[in-house]
Amino acid sequence: MAVAAPSRERARIEALERAWLERPGALGWLTTVDHKRIGLLYFWTTLVFFAAGGIEALLMRTQLAQSGERVIGPETYDQLMTMHGVTMIFFFIIPMTTGAFGNYLVPLMIGARDMAFPRLNALSYWLFLGAGIFMYSSFLVHQAPNAGWFDYVPLALRRYDGGANVDFYALGLIFNTVSSTIGALNLIVTIFKLRAPGMSWNRMPLFCFAMLAASLSLIFALPALTADCIFLELQRKLGFHFFDQAHGGDPLLWQHLFWIFGHPEVYIIVLPAFGIATSIIPTFARHRMVAFPLVAMAELLVAFIGFGVWAHHMFATGIATTTLVFFAAASMLVVIPSTIQIYAWLMTVNVGTPQFRAPLMFIGGFILFFVIGGLSGIMFAAIPFDQATTDTYFVVAHFHFIIFGAAVFPLLGGIYYWFPKVTGRMYDERLAQLSFWLTFVGTGLTFFPMHIVGLLGMTRRIYTYDHGLGWDAYNLVETIGGFVLAAGLLLIGINIVLSYRRGVPSGRDPFHGGTLEWTTTSPPPHYNFAVIPTVSSPYPNWDEADREEDLRKLARGELVLADGHETPETTVNDGAISAVAEMPPESPWPVLAAGTVTAAFFLLLTSHYATAGMAFALMLLTLVGWNLHEPEEGVG
Amino acid sequence: MTAATLPVRHARAKGWWGMAVFVATEATLFGTLVGTYIYLRFHNTHWPPARLPKPPVLTPSLLTAALVATSIPMFVASRAVGAGRREVAWRALTVAFAVQVFYLVWQLHDYVDAIHRYPPQESAWASVYVTLLGAAHAHVLVGVLLNAWFLVRIWSRLTRYRAVGVQATAFYWHAVNVITLVVLVVQLSPHL
C-alpha cells in the first residue's frame, strides 16, 4: 500500500517508522520489545532445544535398536530419557506455541501493534532462555535430571537420588513456570484488551481462541507444578516432609499435584495445534470454517474439561475405584469437544475446494494421527485396560501420536504457512512436500510398532531388553523410523534456510488467507499496520470493502496513531475503543532482570541461600529501573 | 493526544487486567497449598501431631482483622487516583501502608518463633504450616513493596500510568486480604 502514496500519507508512514524503530545490531536484539522479534528469538531458541531433544531421542532409539545393545549405559539412558521429555514439553512445545507462534501472530491477527505488556514479553523470553541454560548446564556436571519427566517420589527423594540431578529438575521447572506464566498472562490480556475495533468475540480468529484457551490453562495449571516442585526442593534441601509416609507425608501427593498440572498440560500442548489447523484449513479449502462458534466453544471446553481428568494418569496407584470411575467418565467427556473439531475440520475441507499444498498436507497428517492417538486414549479411559497396559510401550505409542502427531505436525505445517509472512519469501513447495512424506512415514514407523511391543509386554523406561522376547524386529523398525523422521525434520530446516536466502518474493498475501496478518506487508513493518484495521467479520482479509476503507483512512489520517508509540485499547466484549495505550520503547531492564534471576537459581542450586537472596534483591533494583521509565514520558 | 479525536468508551485499563490474571494464578497457588494441607490432614490421625502445642488464635486473628481493614483505604486510594485527586490517594495509601507494615513486622517476628516451635523437619503438619504461612507473608511483603513504590511515585505527580498502577495494587491488596483470611481459617482449623 506504500507504492506511490501521496506525500501526506507517506509522511504519516514515516512518522510511524520513526516512532516504532528500534536500535539496530545485536544490542537491539537484547533490548527489543517488538513482539515479532521476541517471537523470532523464541522460535530459534526453541528450535535449538527441539534439536537437543531430538538427538536425545535418537540416542535412546539407537540403544534400543536391538536387544542387549551397549551404546549408552543405564545412568546415561535415564538422563537422556528425562531430558528428552522435559525438553520437548517445557523447552520446545510450550515456548514454541505460546512464545513463538503466539507472540508473533496473535497481535497481527487481532490488529494490534504489539503485545499488551511489551517489556514483560521480553522478560518472559529471557527467563525462558535462563531456565533452559540452567537445565542444560546439568549435562556439564554429568548430573542431568534422571527420574523421568514426571519425577515420581520416592525415587526423586534425596535418599534414592542423591546427586544434584533432581535439584536441576525442580529448580529448573520452577524457573520455567515463571516464564510461562508471564507469557500466558501477556497473551490473555493482549487478547482481552488489544483487539482491533469491531473485533467482538464472535469475530476473533479461532487461532486466538485456541491461544486464549491454552493460556488460561497455563495460568490455572502451572501453580500446581510450581508448588509441587517447591515442596520437593524444601524436602530435598531443607528436610521438610511432604512426600514421606514416616513423618505424615504422602508420596501420592506428588502425583496428584503433578497431574493436576500435567493433564491440562496435554491440552496446553495440543490446543495451539488446533488453532493452527483452523488457520490453515479455511485458507487452503477456500471456505470459512464451518460451525465457527461451536469450534470456538469446543476449544475452550477442551481446556476446561482438561482440569477434571488428572487421576486417569493414576489408575494403577491403588486409589479407590469409585474415585477412578468419576475420572474415567470425565475422560470420556473429552471426546465430545474433540470430535466436534475433527468433524468441523473435515467438513470445511469437504465443502470447500481444497488445494493440497504442504501446510494442508501436514494438517491432514495431524488429523489422522490425532484420531489414532485419540482412539488409544479412549481405550485408556477404560480402567481395566489402563491397569493392564500401564507402564508399557502402548502408553508411549499413545502419547507420542498425540504429542508428536497431533501437536507438532500442525506446528510444522504452520512453519511453512507463515514462512512467507515472516520472511517475505516463499518456501520450496517440492522440498516441503517431500519433507511432509518423510516425517509422515517416519512418525508412523517410529510410533505405531510401539503399540504392538507394548501389548507384547515391553515396559517403558528400560534401557535394554533380552533377546528372544519377540521385540527385536519392532524395535529395529522404530529406530529406522526415528531416523527417517529426523531426516524429514532436517529437510524442513534446510528448506527454511535455503528459502530464506533465495526464495521467490511472496508478496503480501500469497495464499489469500482470511485473517488480519495477511493484510499487512511481508515481513510486517515494526508498527504492524499503517491504519488500525476495523473488523466486521471473522475473515477480515476477505472483506475487500473494509480494507479499501482502511486505505482511505490513511489518507484522512484516521486510526493511524502516528503521534507516538501507540495502539488502541478496546473493551473486552465488543472491541470498542476505550483508550489509546502508549507503549513502552525498547528497554535493557528485562534482560538484566532475567540475568539476576538466573544467577539466583544457580545460587539456590548450590545452597548459597543468603547470596541467592541478594541476587533476588538485585532483581528488585532492576524492576525499579524498569518502572522509572514510564511509557508516557516519551510523549511529554 | 490522538485519544481526544476518537470516540472512547470507559473501561478497565490493560494494567488492571494484567493484575487480575496475576491474582488468578496466585489464588490458584494458594488453592494448591490449602488443598495440600487438607489432603495431608486426611492422611494423618493426629493433625497437628499430639506432641505439639496447637497454633495461637488471638494474635493472628487480630492482626488479620487489621490487615483486612486496609482494604478500605486501598479502595479510597483507588477511587481517588481515578478522579485525579493525588493528595487524597497519597494519604489513604499512607494509612494502609502503616497498618500493612505493622502487620508484616509482627507476623515475621511470630513466624521466626513458629519455625522454632514447629520445626518443619519435625512432621508433615509443621512442614505445610510453615510453608503456607511463609507464602502468605511473602505476598504481604510484595504488596508492601508495591505500596512503598507508589507512595514515592505519586508524591510528586500523578500520571495515567501511575494511576493504573495504584488501581492494580489496590486490587492486589483486596485479593491478598482474602487469601490471608483463608490462611487464617486453615491456621485455626485444629481448634475447630
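**Figure 1. A:Ala291 counts as partly exposed, with 15 C-beta neighbours inside 10 Å.** The model shown here and in the other views is predicted. A:Ala291 belongs to the loop between H8 and H9 of chain A. Although A:Ala291 is not a glycine, its phi is positive, at about 55 degrees. Its count of 15 neighbours falls between the limits of 12 or fewer for exposed and 20 or more for buried, and the residue is therefore assigned to the class in between.

**Figure 2. The axes of H8(A) and H9(A) come within 10 Å and cross at roughly 170 degrees.** Helix H9 of chain A comprises residues 292-305, and helix H8 of chain A runs over 251-285. An angle over 145 degrees counts as roughly antiparallel, so this description applies to H8(A) and H9(A). On the H8(A) side the contact is formed by A:Tyr267, A:Leu271, A:Phe274 and A:Thr278. The partners on H9(A) are A:Val295, A:Glu299, A:Val302 and A:Ala303. As background to this view, an α-helix has 3.6 residues a turn, so residues three or four places apart point the same way. Sorted by class, the contact of the two helices has six nonpolar residues, one polar residue and one charged residue.

**Figure 3. A:Ala277, in helix H8 of chain A, has its surroundings shown in close-up.** A:Ala277 counts as buried because 33 C-beta neighbours lie inside 10 Å. When residues up to four places away in sequence are not counted, A:Ala277 touches A:Trp345, A:Ile363, A:Phe366 and A:Pro410. One of these partners, A:Pro410, is 133 residues away from A:Ala277 in sequence, while the C-alpha to C-alpha distance between the two is 6.2 Å. For chain A as a whole, 81% of the contacts with a separation of 6 or more are between residues 24 or more positions apart.

**Figure 4. Helix H4 of chain A, residues 74-109, bends by about 55 degrees at A:Gly102.** Of the 36 residues of H4(A), 33 are buried, so the helix is largely enclosed by the rest of the structure. A:Gly111 follows H4(A) and has a positive phi, near 75 degrees. Over the whole of chain A, 56% of the 636 residues count as buried.

**Figure 5. The loop between H5 and H6 of chain A contains A:Pro154 and A:Leu155.** The peptide bond that leads from A:Val153 to A:Pro154 is cis, with omega near 0 degrees. A:Leu155 has 14 C-beta neighbours inside 10 Å and therefore counts as partly exposed. Apart from neighbours within four places in sequence, A:Leu155 is in contact with A:Ala147, A:Tyr160 and A:Asp161. The C-alpha atom of A:Leu155 is separated by 44 Å from that of A:Gly625, which is 470 residues away along the chain.

**Figure 6. Two further loops of chain A hold A:Pro523 and A:Ser607.** A:Pro523 is placed between helix H16 (472-502) and helix H17 (544-556). The peptide bond from A:Ser522 to A:Pro523 is cis, and its omega is near -15 degrees. A:Ser607 is located between helix H18 (589-605) and helix H19 (609-628). Its phi is near 60 degrees, which is a positive value in a residue other than glycine. With 11 other C-beta atoms within 10 Å, A:Ser607 is exposed.

**Figure 7. The contact between the chains takes 39 residues from chain A and 36 residues from chain B.** On the side of chain A that touches chain B, at least two residues each are supplied by H6 (165-193), H7 (206-238), H8 (251-285), strand E1 (566-570) and strand E2 (577-582). The largest share of this side, seven residues, comes from H7(A). By class, the side of chain A that touches chain B has 23 nonpolar, nine polar and seven charged residues.

**Figure 8. Chain A has 19 helices and two strands, whereas chain B has six helices and zero strands.** The C-alpha atoms of chain A fill a box of roughly 80 × 60 × 50 Å along the principal axes. A compact globule of 636 residues would have a radius of gyration near 26 Å, so the 25 Å of chain A agrees. The C-alpha trace of chain B spans about 70 × 30 × 25 Å along its principal axes. Of the 192 residues in chain B, 40% are buried. Among the contacts in chain B with a separation of 6 or more, 79% are between residues 24 or more positions apart.

Key. Residues numbered from 1 in each chain as written. Chains lettered and ligands numbered in written order. Predicted model: local features only at pLDDT ≥ 70, side-chain atom pairs only at ≥ 80, totals over all residues. Contact = placed C-beta atoms within 7 Å. Helix = DSSP H or I, 4+ residues; strand = E, 2+ residues; numbered from the N terminus. Nonpolar A, V, L, I, M, F, W, Y, C, P; charged D, E, K, R; others polar. Rg over C-alpha atoms; globule rule 2.2 N^0.38 Å. Axes fitted to C-alpha atoms, helices over the stretch in contact; angles between N-to-C directions. Parallel < 35°, antiparallel > 145°, perpendicular 65-115°, else oblique. Bend = angle between axes of the 7 residues up to and from the residue.
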